[in-house]
Structures are given as structure tokens and as C-alpha cells.
Amino acid sequence: MSISKSKLLKQRLYRLHVSSGITFSLLMYIAVFFGIFAILLPYIQVWEKPSRHFKVADITKIDYSEMIDPVISNPDFPNNNIIIKLPGYKNDPALHITHKFTEPKLFNPESREAINQEGLKSQLASFLNGMHYGEPLKTVGYTIFGFMAVGVMFLIIGGLFLVYILKFQNNGKNQQSTFSKWHRKIFTWVFPPFIIITLTGALMCIGYAGAGPMTYLTTKGEKSDILSLIGPVLTPTQAIVKRLNEEVPMLPIGKLIKKAQEINPQIEFQQLKLINWKDKTARVELIGYNPYKPFLNGVINKPKIILNAVDGKLIKHIKVMDRPWSILVTDSLYFLHLLFGVDIFTRLFISFLMLLSCFGIGFGVMLWLEKKAKKFDKKINFYHWLGKLSLSVMIGVIPSTALLFNLQWILSFDLENRVFIQKAIFFNFWLATLTWAFYRTNSYQAAKEFIYLGGTLFITAPILHFINSGFSPITLATSGMVNILSVDIGLFLTGTILLVVAKKLPKDRLDAKSFWNKNQKRYNNG
């Protein structure tokens, strides 16, 4: 009796995993697919803007006064608590001079000329990032993606439990066993980082939607803004320094940065805060990221050095480990999701894990569809609405996204409603792939066509960039704009890989059987 109950429990757990998995799979695929682009956002947001096509300057060799003095001499610009985002911060080569009450002023540190930035007319990177968490649907999108992330966490934990209690065979000889094996293996491999990324994603999405009501209830109606409660804890304000109104010369900012680097050479400085600038009480806060203590800083916890701007003497040195344990834990949780301050190799590694997750989701969906298709094997062609929808969402999104990169350099930056037109073409093209998926009886052929088209468009994107930006690959390489060139190379390689994959993939169900069986035998023999 106990054996039959145990078997029944396993069957129910397995069916629950399958039904909930197919429910959340497409949304999760969208989140993970666009999450790859979100990870590479600092590079894409520079590639997409003509105004950022210059090399990142050495922050210690910049003549800051020539750019700062004209800005703060404007009586409408505040002369206290001025924020300077240094070149290289989030991969942006521009120097940002801003204040919380003003629009930022941007400069090219090499020429010291003001930049006429594109503003809201170029939002490729932010749009791709927004697609990652449902931003086009605003609060509804955040909530849906948040609860989806919660469901996926239970799916992953439940899936690992099923792997433990059920004796799955890895030496099967058909498509179904191949899809099942790789679905299990991939999510077993990526489990630790994927569960943290999913957890923090759920916290951010649901937290964004639910923070207001929870704050209102907690404070008994006094406040509804969560930042007013947690802000002083996360980022405590420094004591206000009274201005003496005695103007004195400041040490050059480059020299102050060098002094800070001597105090703590481990910190990569990202921004400055000028307090009471040009006054006898002037000081500068140098804020950055310590790459030698990853996971513990970069999001909320940022090491800081405060210097006297007149003589360069140290006033305060806030290290990574000086903050409370609660802040360190918060940074540790959000680090893998937001990746603030990390290098390109870390970003590429996390992107690779997310790409594997996309494959894992894809194998899970194909496993479910294969079980359905076997009922009609050798009778009629398998045609299922979820298969067609999955084809459009998972494969149709590839040429649609590639088209976005092409449109970035096809549409004129002077075009009215440029971003709206770009987004509209993207969504309409993506919807067209759904129409084509339903039209094509042979889903394998449709998938090959989508991947061929996506590969071609990813290859043409860097070509259009070279032509319309006026920068050839050689110019980008010799002018120190390797970060921009790396995006072109990445797009070209992605397109090339897609063309090879499209050529290798099976063209129909009969061909698919031999394709997966052949690769399964090769894996088992290896």
C-alpha cells in the first residue's frame, strides 16, 4: 500500500511540474533571452549612440575645470552636491556633470566640448533591458514577471527533487529521452546562479509593484514611498558642512583622484560628489567599486573616500566591510542580477549561463510537444497551437531582435517618434512570425527560416553601423573604441553561428528523429 502511495505521489509531483512548467516556460524564456542583452547593456548603450563614439579617457589626466567651471558659473546651476560621473562609468566614455535638480551636462573629455546627446531618441539598450522584466506593460508587466519568477523558483527546486526521487535514464535512443536528458542536465548545472538571479528578479518585480501598498500599511497611512523609509538605512547621508562663502582655489580633480588611488588602490572610482565647491570648506567624495571584493559591493554598498578639496587631506575612508551585515547581504543577493561594476569576462560568463538556461527551457517545451506528437506519429502531421506559439516566441524573437539592431542605424536620429516607430516595427515583425508559424505546416522548416533570417540580420547590423556611423572597424580599433567594436564583432559572430545552426538543423520530423538519435549516440559513445 505504501509503495503504491509513493508511486502516486511521484506521478502527481511529475504532472504538477510538467503543467506548471509549460505554463511559465514562454514568459521565462522571454525574461532570460532579453536578460542576455540586459547583461551586455553597458556595451550596447554606447554602440547605439553616435555621440559616444570616442575613446574612454584616463580619469587622472582630464582637465576637469575647463568643463566644470562654465557649468557651475551658470546662476541656474546649483554649486553644491554636484555629481560627476567619470568616463568609463557603466562603460560610458562621456563625462557627466549633474545635480539631482538639473538635467545632466555631457562632455567629451578629450576635446572638452559639450555633447549633443540623442536623449530619448535612442533607447535600444533600455528597451531590451525593459523587455527582460515586462517594462512595456508597466506595473502589470512587473507583477506578471515577478510572479512568473516565483513560479520558476518552485519549478527548479521541484525539478531537482524529481531528479533525486525518480530514476531517469540517460541512455534513451529517441528524441523524447534526448530532450528530457538535456533539460535535466542543464538546469542541474546552472541551478546555483539561476536560482539567485530568479529570486532577486522576483523581489525586484513584485517588490516594485507591492512596495507602495506595503509601505502605506506599515506606516499606517503616513507614507507610501518605500525609499523614504529604507533610503536612510541603505545610503546614510553625511553631516551637512556649512559654507563659509570664502572662495579659495581647489586642487585639480585629477590630483585628488590620484591621492584617493594612493589611499586605496583597489577601488575603481566611478563618480565624484563636489561639496561646497570653490569654498574654503570644499570637499570631494570619490565613490567607486572594489573588484577585489565582489558580491559585497557595487549595488548599494560602494566604498568611498572623502578628501578636503583645498589641500587633499583625508577626511573619511569608508571601506567595503565597514557597512552593516544587512547591506553586505543585500549586495550579495543583487550582485549576480545587476552585475554593477563587473568586467566583460564576468558578464560573458553569466550570459553563457543564461544562454544555457534558454536551451534548457527550449528542451523542456520540446519534450512536452514531442509527447503530444507521438500520439499522431505516422498518421497525420502534428499541428498544435502551443507548438506554433512556442516557435514564434522562442525562435521568432531572434530575427525580430536582430531587426532592432538594424533599425538603430537605418532610422534617422532626426526622425520624429523614432523610438516609437522602432518599437512598433519590432512588435509587428514578431507578431508576423506568429502568423508565419501558423501558416507553415512544417514547423521545422519555419524554424530554419527564422534562424536563417535572424543570422542574416545580425550580420548586416554591424555593416550598417560602420556605414552610417562613419567609423570603420579599423578606425574603431585604432582610435581606442574597442568596446564599440566588440559589439559589432559579437553581432557578426552571433549571426554566423545562427547561419551554421540553421544549416545543421533538421528540415522535417523524419529528419529530426535521425538528427537527435545520431547526436545522442555520439554523446553516449563519447
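Is Asn81 buried, exposed or partly exposed, and at what relative accessibility? In this predicted model, Asn81 counts as partly exposed because its relative accessibility is 31%, which falls between the 20% limit for buried residues and the 50% limit for exposed ones. The residue sits in the loop between α3 and β1. Its backbone deserves a look too: phi of Asn81 is near 55°, a positive value in a residue other than glycine.

A short overview helps to place this residue. The protein chain has 526 residues, and buried residues make up 46% of them. Its secondary structure comes to 17 helices and eight strands. Along the principal axes, the C-alpha trace spans about 90 × 60 × 50 Å. Among contacts in the chain with a separation of 6 or more, 73% are accounted for by residues 24 or more positions apart.

The loop that holds Asn81 also holds Asn74, and it runs between α3 (65-72) and β1 (82-85). Asn74 has a relative accessible area of 34% and is therefore partly exposed. The side chain of Asn74 reaches the backbone nitrogen of Asp76 at 3.0 Å. For a sense of distance across the model, Asn74 and Pro192 are 118 residues apart in sequence, and their C-alpha atoms are 52 Å apart in space.

A positive phi turns up again at Lys90, again in a residue other than glycine, with a value near 55°. Lys90 is found in the loop between β1 and β2 (95-98). With a relative accessibility of 42%, Lys90 counts as partly exposed.

Asn297 offers a view of a buried asparagine. This residue lies in the loop between β6 (283-289) and β7 (304-308). Asn297 counts as buried because its relative accessibility is 0%, where the cut-off is under 20%. What does the side chain of Asn297 reach at 2.6 Å? The partner is the backbone oxygen of Lys293. The side chain of Asn297 also reaches the backbone nitrogen of Asn290, at 2.7 Å. Once neighbours within four places in sequence are left aside, the residues in contact with Asn297 are Tyr289, Asn290, Pro303, Val320, Asp331 and Phe335. Asn290 thus appears both in this list of contacts and as a backbone partner of the Asn297 side chain.

Turning to helix packing, helix α4 (residues 124-132) and helix α13 (residues 418-439) pack with their axes 12 Å apart, at an angle of about 45°. The two helices are therefore oblique to each other, since an angle of about 45° belongs neither to the roughly parallel range, under 35 degrees, nor to the roughly perpendicular one, 65 to 115. The crossing of α4 and α13 is right-handed. On the α4 side, the contact is made by Leu124, Phe127 and Met131, and on the α13 side by Gln422, Lys423, Phe426, Phe427 and Trp430. Sorted by class, the residues in the contact of α4 with α13 are six nonpolar, one polar and one charged. Lys423 of α13 takes part in this contact and is the charged residue in it, because Lys belongs to the charged class.

Technical notes: Residues numbered from 1 in each chain as written. Predicted model: local features only at pLDDT ≥ 70, side-chain atom pairs only at ≥ 80, totals over all residues. Heavy atoms only, no water. Helix = DSSP H or I, 4+ residues; strand = E, 2+ residues; numbered from the N terminus. Buried < 20%, exposed > 50% of the residue type's maximum accessible area, 1.4 Å probe, protein only. Polar contact = N/O pair within 3.5 Å; in protein donor to acceptor, adjacent residues only side chain to side chain. Contact = heavy atoms within 4.5 Å. Axes fitted to C-alpha atoms, helices over the stretch in contact; angles between N-to-C directions. Parallel < 35°, antiparallel > 145°, perpendicular 65-115°, else oblique. Left-handed = near helix turned anticlockwise from the far one by under 90°.
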